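I opened this notebook to keep track of what I looked up in one model, entry by entry. The entries follow the order in which the points came up.

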Amino acid sequence: MRRILFLLSLLLFGGATLLAQELTVKTFELRDRDLRAKQKPRFDNNEDACALVRVQVAAPNCIFSDSYIVGDVEQGFGEYLVYMAKGARRLRVAHPDFLFTPLDYEFPEALESYRTYALILEVPIYTHYAEIVEQQSQQPQRSTTRTVSTTPVSQSKVWQVGDYYNVNGKEGVVFWVDETGKHGKIVSMTESEQLAYSYNFEELLGASSGSHGDINMSVYKTISAQKSSAYPAFKWCENLGEGWYLPAKKEIDIFLGIGEVLAAVDDTLIQYGGSGLWGRNIEIWSSTERDSESAWLYNLEIEEWGYGLKNYPAYVRAVSAF
C-alpha cells in the first residue's frame with residue numbers, strides 16, 4: 001500500500017519532473033541468428049518482406065508510430081514486436097499516460113527485409129515503480145492459478161513446440177513433443193553462469209550417450225556425494241529439482257540447431273521473463289563426454305560443435321521430460 005501511495009504521489013505531484021524524463025537507448029543491434037522475420041514474415045503493400053524490430057522496454061501499453069510500420073504491434077512480456085517495411089529509418093515510442101516523453105529514434109541504417117533487430121530501451125526510474133506495483137498486485141493471482149492448473153493440465157493438454165510449460169512447479173519451454181503431443185521435453189527458463197563440466201581428469205564419468213542426457217545424468221548420480229561436487233555442470237541441473245538433467249548433444253541440436261524450433265523457444269523464453277538463446281557469443285556444455293579430459297560443447301557464435309577441456313568455463317541449460 002505504501003508503495004502504491006508513493007507511486008500515486010509521484011505521478012500527481014511530480015508531473016513536471018516526469019514529463020522531462022526520457023527513454024534511454026541502451027543498444028540497437030542486428031540479430032543475425034534470430035530467424036523470426038523469416039519464419040513469420042509480414043509483407044508491405046508492395047509485397048516486399050518486412051524487417052522486425054524487437055523493442056525491449058519495461059513499460060506496458062507503449063505506442064509506436066511511423067508510416068513504415070506494417071500491421072499490429074505485438075506486445076509480450078517486456079517486449080514489443082514491430083514489423084516495419086524495408087528502408088525504414090526511424091521509430092517513435094510513446095506512452096498514453098505520459099510516463100515519459102516520446103522517443104524519436106533514428107536507426108543507424110535503413111532496415112532490410114527478413115532481418116531481425118533489437119532495440120533495448122531503459123525506462124525512467126518511476127516506471128520501474130509502476131512495474132513493481134503491478135507485479136506485486138498480480139503475484140497472489142498468479143500463484144493461485146499455478147496451484148490449480150497442475151497435473152490435470154499435463155494429462156489433457158496437447159503440447160506444441162514453443163509452448164510455455166508450468167506444471168507442478170516445473171517451468172520451461174517445450175522444444176520437442178512426441179506424436180501424441182502429450183509427452184515431450186522442455187528447456188529451462190534460465191541458464192547457469194559459466195561452469196566447468198568437471199574437475200576430474202583421472203577417469204571417464206561414463207556419460208557416453210549422444211542422444212539421451214537423462215542416461216548421462218543417471219551415470220553422474222551413481223557417483224558418491226563427495227565426488228559430485230567435482231561436476232559443476234551436472235550439479236547445477238540437479239539443483240533445479242527432480243527430473244532436470246544436462247542435455248546430450250542431439251537434444252541441444254534440437255533447440256539450438258533447428259531454426260524454427262530455436263525461434264519458437266526463444267520467443268517464449270523472452271515473453272515469460274526467461275533468458276533468451278539468441279545473439280550471444282557463448283558456449284554451452286552438453287553432457288556427452290569425448291574422453292577423460294574433454295567433453296562436447298556447442299558454440300552459438302559459429303553454430304558448430306567443438307570440445308573443450310572439462311575445466312573450461314561454459315554455460316549450462318537444463319532439460320526435463322514430461
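Entry 1, asparagine 61. I began with the exposure of this residue: asparagine 61 has a relative accessibility of 47% and therefore counts as partly exposed, since that class runs between the 20% limit for buried and the 50% limit for exposed. I note here that the model is a predicted one. Going along the chain, I found asparagine 61 in the loop that links S2 to strand S3 (63-65). Its phi is positive, about 65 degrees, although the residue is not a glycine. I looked at this twice, because most residues other than glycine have a negative phi.

Entry 2, glutamate 47. I then turned to another residue other than glycine with a positive phi, glutamate 47, where the angle is near 65 degrees. Glutamate 47 sits in the loop between helix H3 (36-39) and strand S2 (51-56). Is glutamate 47 buried or exposed? With 61% relative accessibility it counts as exposed, because the value is over 50%.

Entry 3, cysteines. I asked how many disulfides a search of the whole structure would find, and the search returned zero. I also looked up the exposure of two cysteines: cysteine 62 has a relative accessibility of 11% and so counts as buried, and cysteine 237 is likewise buried, with a relative accessible area of 0%.

Entry 4, helix H8. Cysteine 237 led me to helix H8 (residues 232-239), whose buried residues are Pro232, Ala233, Phe234, Trp236 and Cys237. Against which elements do the buried residues of H8 pack? I found S11, helix H6 (213-221) and strand S12 (283-289). After H8 comes glycine 241, which has a positive phi near 130 degrees.

Entry 5, a sheet. Since S11 had come up, I traced the open sheet that contains it: four strands in the order S9-S10-S11-S15, with antiparallel pairing. Strand S9 (164-167) and strand S15 (319-321) are the edge strands, each pairing on one side only. From one strand to the next, the twist averages 40 degrees. Inside the sheet, I followed strand S10 (residues 170-177) and strand S11 (residues 184-188), which pair in the antiparallel sense over five bridges; valine 173 has valine 187 in S11 as its bridge partner. Helix H9 (residues 249-257) packs on the sheet and touches S10, S11 and S15, its direction making about 90 degrees with that of S10.

Entry 6, cores. I looked next for the nonpolar cores, and the largest of them has 44 residues, with Tyr197, Phe234, Phe255, Leu256, Val265 and Trp285 having the most contacts inside it. Another core, of 26 residues, lies apart from the largest one and includes Leu23, Val82, Tyr105 and Phe107. Phe234, one of the buried residues of H8, thus returns in the list for the largest core.

Entry 7, the chain as a whole. I closed with totals for the protein chain, which has 10 helices and 15 strands. Of its 322 residues, 45% are buried. Among contacts with a separation of 6 or more, 64% join residues 24 or more positions apart. The chain exposes about 16500 Å², of which carbon and sulfur atoms supply 51%.

Key:
Residues numbered from 1 in each chain as written. Predicted model: local features only at pLDDT ≥ 70, side-chain atom pairs only at ≥ 80, totals over all residues. Heavy atoms only, no water. Disulfide = S-S within 2.5 Å. Buried < 20%, exposed > 50% of the residue type's maximum accessible area, 1.4 Å probe, protein only. Pairing = 2+ DSSP bridges. Helix = DSSP H or I, 4+ residues; strand = E, 2+ residues; numbered from the N terminus. Axes fitted to C-alpha atoms, helices over the stretch in contact; angles between N-to-C directions. Contact = heavy atoms within 4.5 Å. Core = buried A, V, L, I, M, F, W, Y, C linked by side-chain atoms within 4.5 Å. Areas by Shrake-Rupley, 256 points an atom, 1.4 Å probe, with all protein chains shown as cover.
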